[in-house]
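Work through the exercises below with the sequence and the structure open beside you. Try each task on your own before you read its solution.

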Amino acid sequence: MEKSGSVDSLGSKRSSSRQPSVDSLSSTSTSRSDRSAQAKPPFAMSSDSVAASAELSPEFRQVLRDSDKEPQLLPNETVQDYAQDVTYFCPFIGALRGTVIVTNYRLFFRSMDRELPFVLDMPLGVVSRVEKIGSASNRGDVSYGLVCKDIRNLRFAHKQMEDTLRKSIFEVLVKFAFPVSNGLQIFAFEYGQVFPENGWKVYDALSEYKRQGIPNESWRITKVNDHYEVCDTYPSTLAVPVNIPDEELKRVAAFRAKGRMPVLSWIHPESQATVTRCSQPMVGVNGKRSKEDEKYLQAIMDANAQSHKLFIFDARPSVNAAANKMKGGGYESEDAYQNAELVFLDIHNIHVMRESLRKLKDVVYPNIEDSHWLSNLESTHWLEHIKLILAGALRIADKVESGKTSVVVHCSDGWDRTGQLTSLAMLMLDGYYRTIYGFEVLLEKEWLSFGHRFQLRIGHGDKNHTDADRSPVFIQFIDCVWQLTRQFPAAFEFNEYFLVTILDHLYSCLFGTFLCNSEQQRLKEEIPKRTVSVWSYINSQLEEFTNPLYVNYSNHVLFPVVSLRHLELWVGYYIRWNPRMRPQEPVHQRHKELLAKRAELQKRVDELQREVTNRSASSLSEHAGSPTRSITPVQTFV
Amino acid sequence: MLTGSKTTFKVRQMLPDIKERMLSQSGVTARSRDVFGLRCLPGECVLQRAVMVRKKLSAREGRGWVSGTLFCTHFRVAFVPQDSPKPDDNADPVLLGDHDVALASIEKVVVVGPNRTKLVTPNSSLKFTPEELVLYCKDLQVICFLFDRLTPDAQVIEITYTIAKTYQPLKPGSVLSFQNAALGSVEMKQFLSNRRRNTHMNWFESASDWEQELERCGATGWRVSSVNDRFEMSTSLPRSIVVPQKVFDTELKKSFAHFNEGRIPRWCWRHPRGSDLLRMASFQNNIYHEKDDIRNLEMILFGCQSSLCVVVELGEELPSPADIQLAHGRLRALSLGDISTSVSVPDDKWLSTLESTRWLDYTRACLRKASEVACLLRGGHLTVALQEADDRDMGCVVSSLVQVMCDPHCRTQHGFQSLVQKEWVMAGHRFYSRINYHRDNDKEEAPVFLLFLDCVWQLLSQNPSRFQLTDDFLLALHDSIHLPLFSSFLANCQRERCKRSQNLGQSYTPVNGWRDMESSSDPSDPPLPSVWDWSLQYSKHRRDRFTQPVPPIPPLQPLLNGNLNTNPDTHRLTDSTPGSVFLLSRGVFSCPANLLPWRSGSSGVYKKSHRRAASSENVPGLERLLKAWALAEFPQGLTRSTPAPQGPLDPYEPLLPLLMGPCMGLWKECYLRGALHAQAFSHPVSANHPHPVERLAREVQQLEDQLAQVSTGTDPRPPTKMAEPRRADTNLNQNTNNGTFLFPAAPRPAPRAAPPPTSTNHQTSRGPPPASAPPSRLGHKDNKHTFLFGHPPGAEARPDQRYYPAPNSAKPPKGSGSSIAS
């Protein structure tokens, strides 16, 4: 599986899988762009929306039609500006001259001066910042650098505007790249595509808890947070121990940071050991205690008859946890919580992670220094962080599976590292989450409903790129999932392209799924009504995202090897813009072919078998009728 | 002897006793079976055994533990799992069972006691009863045995001592005694003498072998010369060498003196576009060039058809043998870790330490050089001569890598074996010195061949479907290098091999398969088999994994009729015109005055007439060829200047590797398989082997077999109808000639998982595992929720349960609920 995993993700690969024709191999010129081209649903509409679109000069429309160079526009996508004679400095093939079109959704560049057209098609949502690099060149060109969230930087230049009143196209771009900062609407609210599947119906909390067997004799569903009064970052539906009444829940919530009390994430179908998540206790410097909280954790432990112990996994390094006491937070003392054992998992905070990814970007984009590649990679510590997260999740899964012990997981606020750990542990423990639908449910549940602050961490449409709240927490999680798929290539129903697509639409702002910070906000913004879910898009073309080698191992627990020796950099994501990284062969295409062949052969075996049965039956009767004809078929199949 | 666990004693004291037992038993136990189920080799005797031992399974084997009996014979440390099926007494002996390790592969023996670890040497004494026995092997395996409380202490101590003193890592003569132990018995000798030589591959031993290769490559204008038949011209060259047709032997003889060790330019391979690949040693400079000599030298160098010759200097950019040795040593240390010294690189320094071994740099350098050469050859109509000082190390690496890249035949198992035979064994790579079996020549030791295998693995891992051989094959070859048993590796050149076989009266060269029992009486010199006699080494199911079960997507096409160069003469200048010669070094073409020693200095006739024309016209052309390689890393569409891509199905397009940092992988299945830290987590976890595709392909194979069966059953007159459907199927998969190895023509025995022929319904194979499934997986069964995927033995026992398709459906079952763990 060395290559096959990374293979499905890359642009060129993808197009070849969709249209397995020769041109997919020769048309790699567009491979750098068709990744982002894929960011739009393939059945996007085009021409009439151009005609209906903005008040463009006839001349401009002429240009568009003449060259037939317009991008395929999405519903309600409108062209905002265009410019000719723009130079795009491709770090891999050099400067290209061409046309730039900016719509309210994308940046579209097409080179004019090449026989084989070069296309760059990118949702504006990936732009993190736009910097004007002044008149760097002596010919009076103005140069703009686009720093992107998806591990690439773009650089454009065009002639100085003679008409000083006219804005540069990149100033127009800024407006639409950061709609929130400019009082505009994120494109997801305008995008009106209708898909055969409705992704907003993928997750229903009650049915997911029901799938896990909740409510049962130890756990109940509570409506205490129905109107997000107890905790505004939690979902409305929560599962808690049976013997804790709602009133006590509120007191527990008061003792936990942001009111995020321990609630059930997952329960083992046999041992009843549970994974529960929460935020840090508000212990503070004085070592405050809460009888309700202690009782509550005891109740969690008692709900599992198999073990008389409870493990509390604090995702932070112990130093950081201790430092939080100064801010009123802290961790559970083992004196206060009888039978509980506290384990620190040493995972660093969002700022460290952000810095690590920034270093990684420096190492992989645009150029890679071959001779020091490994030490450069090491110096980013990115894989080390991945390892720590996986190792933490592994310990949780091991305690629940092998130790039959319930665990409580928290970090500081319980919406970053906690979500990473619980969802990864659940992915290891429960094969359901390794299906496409199951994974969608997992994201909806552990990430979206439990209030991972996507808006804040990603900064959708926000120009404030230095915001300290931004952090690649979710990317890290998807990276960890990818590591799992590498180690267990047949255990996941989805392929690498599925993961890349999720990350692409994390930034694209085309779908509403990753907007806002919590379930409450999403409800308030009427996200499900006003936007399309990314799952609608994905579930409408599942075959694109299916791992042909998937085997249903739902009853198996995955225990990955978390040594750095067995982790790899996800080149199919982080280095996908580098054309030198193109995969050499369509391995997953081959898998599909093999599967088709197997099906075909199986069919033939069946047919022949039927024929044999029929024939031997008839020959038997014949045999009875005329004993002289003694050629009976071999009796093996009768 | 042993009174208890506290006993301390010197191992030395036991030696005579062992010897006695060896002698007394040798030859008697032929084809016998030890009572505990060890299938002994003829003449092999068990020195010691310990019962109730558990063996740690590697990731490849699925991890976890399996319990059984541990043996130490005078040839190997063997382990027989408790419930392994009874060995077939009539089967041919296999040197190493699935859990065995040859004594000669062991590098270090370490025992782990209650609170300590200790390196055990033949002289050391134990003051505690070991709980764990760890064998560090030269082939980077680490084998770990755990002694149970139920294992008798005396047995534990005794077997530890026995292993410690019989593996004898450094003792002179140990290689010979090892060979004798393995192969020296009368029965074994007889058995070996009856081995048939593999006829599917080219051994390059005789002139006809070379002619066959010339024909395969469609190389006209070359002939096989036997001028070196008695090794008089060059001691290190093979008997037969390929030279231009127009050079006569009498002229040829004069040219040997002009090259280091007499290694004149010899033909290796012809690219289908008509370029020839040559190898040679460096020029002897202090020699007077007569005019006739010069003419001959030029003719030899330019080969048969080209006016253009590029000399590729291999010394500069490639690692020296000493570099390789150093890098490999570091890689070993890094990979193995070592519990006896507790030196293991911390995880957070892993990447930079790996980088600092420089091993990956060296693989990259070799691949880069080979890619350059491959691109030059692709240009057509030129001669590329690889030049190395002695032409016995990097020349082998680069010439064979070029062929692996360009010639699909070399990516099949037999083609690859022929290639190694041609470019390494016969070409005189100093295997014997480089591997340093006797540990008496550390200065020369350098695992050049292992570096080559790593390069091939890089190509394989980047293009798995373009290879018919698998990494299992490469791994087996890697491991066999460390066994001092094979004639292929126990000599430095053909001359040495011949000398040895002559001493034996030619009787035991597996080459000829002639038998002559009389001369075998000298026990000091057992006959040595070839490494390619895989059935001698490994069991059938391991050998089955050497090749991909379904053919690669671009059908393997033999080069037999693939000579694209239909008329090689069109571009050739007249014979008397010497062409232009360029030197390729560091990616730059140049034309230094002293490149060909005879052209510099006094015999300057050539200077005026040709060098000028050459440098002005051909350099850009050549550079464009190389540029094509640099650009090949980009999608072709981006580079207008390059010729349109040939499409993936063009078998002559070289497989050019991606050489960027992130593309160069570490061969973990080889280097990290023994690493203890990787096994620290006690749960059985996944491994990537066998590749799911492999299993899928196996199923396709099974279905095809089933089809064959069914159609046999359908039609009472098999010859007419029965062949129909089967052929239709296989045609989809296989091209012209490869049916032989991909789908054996002989009717295969019903595959393990195929339904018994008596079943009415083929779907029975979805049911419980066949009773014959080796139940040796007991060690894991308790982990019922554990993901067992990638557990080869289990997978083989019950493949359908995991992978059975729903009939008529291309998708794997989603809800079939088939579970592996009971």
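**Exercise 1. A sheet in chain B**

How many bridges join strand S12 of chain B to strand S14 of chain B, and do these strands run parallel or antiparallel?

Before the solution, note that this is a predicted model, in which local features need pLDDT of at least 70 and side-chain atom pairs count only at pLDDT 80 or more, while totals for chains, interfaces and linings use all residues. Residues are numbered from 1 along each chain as its sequence is written, chains are lettered from A and ligands numbered from 1 in the order in which they are written, and side-chain values use heavy atoms, with hydrogens and water left out.

Solution. Begin with the two strands: S12 (residues 276-281) and S14 (residues 383-388) of chain B are joined by six bridges, and they run parallel. Strands here are DSSP runs of type E with at least two residues, helices are runs of type H or I with at least four residues, and both are numbered from the N terminus. One bridge can be located exactly, since B:Arg279 has B:Leu386 as its bridge partner in S14(B).

Next, place this pair in its sheet, which is open and consists of six strands of chain B in the order S11-S12-S14-S13-S15-S16, with mixed pairing; two strands pair if DSSP finds at least two bridges between them. Strand S11 (266-270) and strand S16 (588-590) of chain B are the edge strands, each pairing on one side only. From one strand to the next, the twist averages 30°.

**Exercise 2. A helix on the sheet and its helix partner**

Describe how helix H11 of chain B lies across strands of chain B, and then how H11(B) meets H14(B).

Solution. First, helix H11 (residues 394-406) of chain B lies across S11, S12 and S14 of chain B and runs at about 170° to S12(B). Such angles run from 0 to 180 degrees between N-to-C directions, and axes are lines fitted to C-alpha atoms, for helices over the stretch in contact.

Second, the axes of H11(B) and helix H14 (residues 448-462) of chain B come within 10 Å and cross at roughly 20°. The two helices are therefore roughly parallel to each other, a term for angles under 35 degrees, whereas over 145 counts as roughly antiparallel, 65 to 115 as roughly perpendicular and the rest as oblique.

Third, list the contact (heavy atoms within 4.5 Å): among the residues of H11(B) are B:Met394, B:Val397 and B:Leu401, and among those of H14(B) are B:Leu451, B:Phe452 and B:Leu459. By class, this contact has 11 nonpolar, one polar and no charged residues.

**Exercise 3. Two helices and a loop in chain A**

At what angle do the axes of helix H12 and helix H13 of chain A cross, and where is A:Pro366 placed?

Solution. The axes of H12 (residues 350-364) and H13 (residues 373-380) of chain A come within 8 Å and cross at roughly 160°. That makes H12(A) roughly antiparallel to H13(A). The contact involves residues including A:Leu360 and A:Val363 of H12(A) and A:Trp373 and A:Leu377 of H13(A).

Turning to the loop between H12 and H13 of chain A, this is where A:Pro366 is placed, and a cis peptide bond with omega of about -5° joins A:Tyr365 and A:Pro366. Further along, A:His381 is found in the loop between H13 and helix H14 (382-401) of chain A, and A:His381 has a positive phi of about 60° although it is not a glycine.

Methods:
Ala, Val, Leu, Ile, Met, Phe, Trp, Tyr, Cys and Pro count as nonpolar, Asp, Glu, Lys and Arg as charged, and the others, Gly among them, as polar.
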